Amino acid sequence: MLGLSIIGWIIIGGLAGWIGSKIMKTDAQMGIILNIVVGIIGGLLGGWILSTFLDVEGGGWIFSFLTCLLGACILLFLVKLVMGRSRV
């Protein structure tokens with residue numbers, strides 16, 4: 001199985017970041033660039049978390065997307081947690 005190219009990671013990261021921001025209800029505050037960044041960082045976070053339990057390298061496009069989505073939701077949750085406390 002071929003690995004994903006940088007373009008593939010940007011596309012998957014952007015979609016995962018956008019859907020993650022919809023799930024976490026932060027889409028109104030984010031633009032497309034931030035969605036891509038959150039998705040890519042979320043992919044790294046999700047891959048790091050899931051690599052302790054599963055073989056994440058051979059998963060393919062769908063597994064990569066779900067990994068990015070999981071990581072993006074975790075990342076957005078943590079950001080909301082930190083930003084919520086700083087406003088108080």
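**Figure 1. Contact between helices H1 and H2 in the predicted model.** Seven residues of H1 are shown, namely Trp9, Ile10, Gly13, Gly14, Gly17, Trp18 and Ser21, together with the residues of H2 that they meet, Asn35, Ile36, Gly39 and Ile40. Sorted by class, this contact comprises five nonpolar and six polar residues, and no charged residues. Helix H1 covers residues 6–23, and its axis passes 6 Å from that of H2 at a packing angle of about 100°. H1 is therefore roughly perpendicular to H2.

**Figure 2. Overall arrangement of the helices.** The protein contains three helices and zero strands. Read from the N terminus, its elements follow the order α-α-α. The protein has 88 residues, of which 33% count as buried. When contacts between residues at least 6 apart in sequence are considered, 70% of them join residues at least 24 apart.

**Figure 3. Surroundings of alanine 72 in helix H3.** Alanine 72 has a relative accessible area of 0% and is therefore buried, the cut-off for this class being under 20%. Apart from neighbours within four places in sequence, the residues in contact with alanine 72 are Ala16, Gly17, Val38, Gly39 and Gly42. Two of the names in this view recur from Figure 1, where Gly17 of H1 and Gly39 of H2 belong to the contact between those helices. The view also includes isoleucine 36, which is 36 residues from alanine 72 along the chain; the C-alpha atoms of the two are separated by 9.8 Å.

**Figure 4. Surroundings of phenylalanine 65, a residue of helix H3.** Phenylalanine 65 is partly exposed, with a relative accessible area of 21%. This value falls in the partly exposed class because buried requires under 20% and exposed requires over 50%. With neighbours within four places in sequence set aside, phenylalanine 65 is in contact with Ile12, Leu15, Ala16 and Ile19. Isoleucine 11 lies 54 residues from phenylalanine 65 in sequence, and the C-alpha to C-alpha distance of this pair is 9.6 Å.

**Figure 5. Leucine 44 of helix H2.** The relative accessibility of leucine 44 is 61%, so this residue counts as exposed. Glycine 13 is 31 residues from leucine 44 in sequence, with 9.9 Å between their C-alpha atoms. Glycine 13 is also among the residues of H1 that meet H2.

**Figure 6. Lysine 25 in the loop between H1 and H2.** The phi angle of lysine 25 is near 60°, a positive value in a residue other than glycine. Lysine 25 has a relative accessible area of 70% and is classed as exposed.

**Figure 7. Lining of the second largest pocket.** The space within the second largest pocket amounts to about 230 Å³. Its lining consists of 11 residues, and those closest to the centre of the pocket are Thr26, Gln29, Val79, Lys80 and Met83. Helix H2 (32–51) and helix H3 (60–87) each contribute at least two lining residues. The greatest contribution comes from H3, which provides six residues of the lining. By class, the lining is made up of six nonpolar, three polar and two charged residues.

How values were computed. Residues numbered from 1 in each chain as written. Predicted model: local features only at pLDDT ≥ 70, side-chain atom pairs only at ≥ 80, totals over all residues. Heavy atoms only, no water. 1 Å grid on protein atoms, 1.4 Å probe; cavity = no way out; pocket = protein on both sides within 12 Å on 5 of 7 lines; lining within 4 Å. Points joined across faces, edges and corners; volume = space filled by probe spheres on them. Helix = DSSP H or I, 4+ residues; strand = E, 2+ residues; numbered from the N terminus. Nonpolar A, V, L, I, M, F, W, Y, C, P; charged D, E, K, R; others polar. Axes fitted to C-alpha atoms, helices over the stretch in contact; angles between N-to-C directions. Parallel < 35°, antiparallel > 145°, perpendicular 65-115°, else oblique. Contact = heavy atoms within 4.5 Å. Buried < 20%, exposed > 50% of the residue type's maximum accessible area, 1.4 Å probe, protein only.
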